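Subject: Structure for you to look at

Hello,

Here is the structure I said I would pass on. Please open it first and keep it beside you while you read my notes.

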Amino acid sequence: MDVLSRPLIDRTLPLLAEGYAWLPNRMRDASGSVVRTRIMGRPALALRGPEAVRFFYDERNVHRHRAVPEPVLGTLFGHGAVHTLDGAAHRARKELFLPLLEPAAVAGLAEHVSGAWDEAVPEWGRRASIVLFDEAATVLTRGVHRWAGVPLDDAGAGAAARDMTAMVDGFATAGPRHLRARRARGRQEERLARLVRDVRTGTVTAPAGSVLERVCGHRDLNGEPLDEKTAAVELLNVLRPTTALAWFVAFAAHALHRWPESRAPLAQGDVAFRTAFAHEVRRFYPFVPFLGGLAARDLFWRGARVPEGGLVVLDVYGQNHDETLWGDPYAFRPRRFLERSVGRDELIPQGGGDPATGHRCPGEGLTVGLLETLTAQLARMEYTVPDQNLAISLHRVPALPHSGVVLAGVERPAV
């Protein structure tokens with residue numbers, strides 16, 4: 001029997017068990033950049049590499065509409081979110097988010113988050129130790145709410161941060177984590193839908209030019225405003241991903257502990273190195289394992305076929321650790337980003353393609369800008385790292401240092 005006509009065995013359970021390593025392991029076994037398999041009952045074609053990224057993000061090949069499984073919609077993205085749209089409808093909805101790419105927007109969010117961090121440090125210093133992941137999530141939640149014009153009192157910031165991180169933590173699993181994620185999304189959608197209603201009825205005034213004002217006034221392709229629930233979903237798709245940077249802050253602290261030589265250039269204001277360090281944290285550490293879509297027609301990629309309606313999977317973690325692209329992919333080496341210009345479709349921790357027209361995360365610029373700011377503040381801060389379990393399991397999605405990165409003896413940075 002020809003290899004391309006062999007029956008495909010469903011690999012959903014091994015995928016869930018192996019986590020980030022599952023697809024890179026299959027790619028290595030296949031000795032190439034394409035794997036045919038079956039996931040969740042569907043035939044699937046898994047791809048890797050810059051050309052594969054361009055193939056994946058070409059809407060003539062792959063559709064995202066109906067491709068996101070309900071468990072992911074019910075926890076991470078929300079039903080009716082921009083991630084579920086294609087074509088003109090997707091581009092119209094994405095207009096809501098594109099201003100977030102502007103340098104002024106990135107700088108504004110960084111200023112608010114930096115201010116929230118500075119407010120938190122003295123309180124951290126009054127405690128014997130802190131869990132950086134938890135504290136960073138609260139700081140990010142406070143900062144992004146202020147920037148977006150969404151009311152949130154200080155007393156509610158911790159609870160909101162726990163809900164935001166729960167949505168991310170439970171999207172790729174079953175059981176208690178998933179149930180917590182669903183309950184968290186329900187609470188936050190209800191809170192934000194009430195806010196949208198209050199803005200539209202004049203009970204609450206949205207700050208001029210704010211994200212809240214944009215979402216409440218946005219009109220989709222049909223010329224109609226977003227219903228309250230969808231508006232709440234899209235507000236969450238600004239707030240939640242920003243809070244999710246707590247994962248990268250924890251990874252950055254992990255990197256500074258393991259490779260302390262990065263601390264000095266970060267603390268001393270080396271702008272180019274800060275950007276390189278942010279990119280290397282996003283490349284090196286595990287966050288998104290892969291992305292999926294549905295074949296818009298019968299597709300062939302390097303001799304392998306997937307039928308219309310089958311899954312097309314982009315190996316994000318594998319590509320970010322591909323030796324042919326990075327040379328020494330399992331070495332944490334920020335200066336690789338200073339040694340050569342990295343192509344748009346080579347580094348894809350938040351997807352690939354053009355963020356203005358495709359499905360690449362429009363908040364990627366915000367992620368990099370915030371990481372630059374927070375890693376510099378972290379590098380200047382004085383603290384110790386007590387004995388703890390800093391192991392990062394590739395079997396758990398999303399991955400995180402086991403301890404959340406405990407810091408002790410936190411002090412304000414020296415002036």
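Buried means under 20% relative accessible area, exposed means over 50%, and partly exposed is what lies in between. Keep in mind that this is a predicted model.

**Arginine 177 and its surroundings**

Arginine 177 has a relative accessible area of 18%, so it counts as buried. You will find arginine 177 in helix α9, which covers residues 176–201. Its side chain comes to 2.8 Å from the backbone oxygen of valine 397. Leaving out residues up to four places away in sequence, arginine 177 touches Asp169, Gly170, Arg396, Val397 and Pro398.

Two of the names in that list, valine 397 and proline 398, are joined by a cis peptide bond, with omega at about -5°. Proline 398 sits in the loop between β9 (382–384) and β10 (406–411). Valine 405 is also placed in the loop between β9 and β10. Valine 405 has a positive phi of about 70°, although it is not a glycine. Its relative accessibility is 2%, so valine 405 is buried.

Another residue that is not a glycine but has a positive phi is arginine 302, at about 50°. Arginine 302 belongs to the loop between β6 (299–301) and β7 (304–306). For background, most residues other than glycine have a negative phi, and most peptide bonds are trans.

**Helices α8 and α9**

A second arginine in helix α9 is arginine 187. At 45% relative accessible area, arginine 187 is partly exposed because that value falls between the two cut-offs. From arginine 187 to alanine 160 there are 27 residues in sequence, and the C-alpha atoms are 9.2 Å apart.

Is alanine 166 buried or exposed? Its relative accessibility is 17%, so alanine 166 is buried. Alanine 166 is part of helix α8. Apart from neighbours within four places in sequence, alanine 166 is in contact with Arg180, Ala181 and Ala184. Its C-alpha atom is 34 Å from that of aspartate 29, which is 137 residues away along the chain.

Helix α8 covers residues 154–169 and also holds alanine 155. Alanine 155 is exposed, because its relative accessibility is 75%. Alanine 155 and leucine 236 lie 81 residues apart in sequence, with 19 Å between their C-alpha atoms.

**Helix α4**

Six of the eight residues in helix α4 (residues 70–77) are buried, so this helix is mostly covered. The buried ones are Val72, Leu73, Gly74, Thr75, Leu76 and Phe77. Which helices help to cover the buried residues of α4? Among them are α8, α9 and α11 (228–243). Just after α4 comes glycine 78, with a positive phi of about 95°.

**Aspartate 220**

Aspartate 220 is in the loop between α10 (211–217) and α11. It counts as buried because its relative accessibility is 19%. Setting aside neighbours within four places in sequence, aspartate 220 has contacts with Arg93 and Leu226.

**The nonpolar cores**

In soluble globular proteins, nonpolar side chains tend to be buried together. Here the largest nonpolar core has 96 residues, and those that touch the most other members are Trp117, Trp124, Trp147, Phe277, Leu378, Met381 and Leu407. Helix α12 (residues 245–258) makes the greatest contribution to this core, with 11 residues. Another core, of 19 residues, lies apart from it and includes Phe55, Phe56, Tyr57 and Ile348.

To look at one member of the largest core, take tryptophan 124. Not counting neighbours within four places in sequence, tryptophan 124 is in contact with Trp117, Ile130, Glu135, Val139, Met381 and Val410.

**The cavities**

How many cavities of 30 Å³ or more does the structure hold? There are three. The largest cavity contains about 60 Å³ of space. Its lining consists of Arg282, Arg283, Tyr285, Pro286, Phe287, Val288, Val316, Tyr317, Asn320, His321 and Pro349. Helices α14 (271–284) and α15 (316–320) are the elements that give two or more residues to this lining. The largest share, three residues, comes from α15. By type, the lining residues of the largest cavity are seven nonpolar, two polar and two charged.

Regards

Technical notes. Residues numbered from 1 in each chain as written. Predicted model: local features only at pLDDT ≥ 70, side-chain atom pairs only at ≥ 80, totals over all residues. Heavy atoms only, no water. 1 Å grid on protein atoms, 1.4 Å probe; cavity = no way out; pocket = protein on both sides within 12 Å on 5 of 7 lines; lining within 4 Å. Points joined across faces, edges and corners; volume = space filled by probe spheres on them. Helix = DSSP H or I, 4+ residues; strand = E, 2+ residues; numbered from the N terminus. Nonpolar A, V, L, I, M, F, W, Y, C, P; charged D, E, K, R; others polar. Buried < 20%, exposed > 50% of the residue type's maximum accessible area, 1.4 Å probe, protein only. Polar contact = N/O pair within 3.5 Å; in protein donor to acceptor, adjacent residues only side chain to side chain. Contact = heavy atoms within 4.5 Å. Core = buried A, V, L, I, M, F, W, Y, C linked by side-chain atoms within 4.5 Å.
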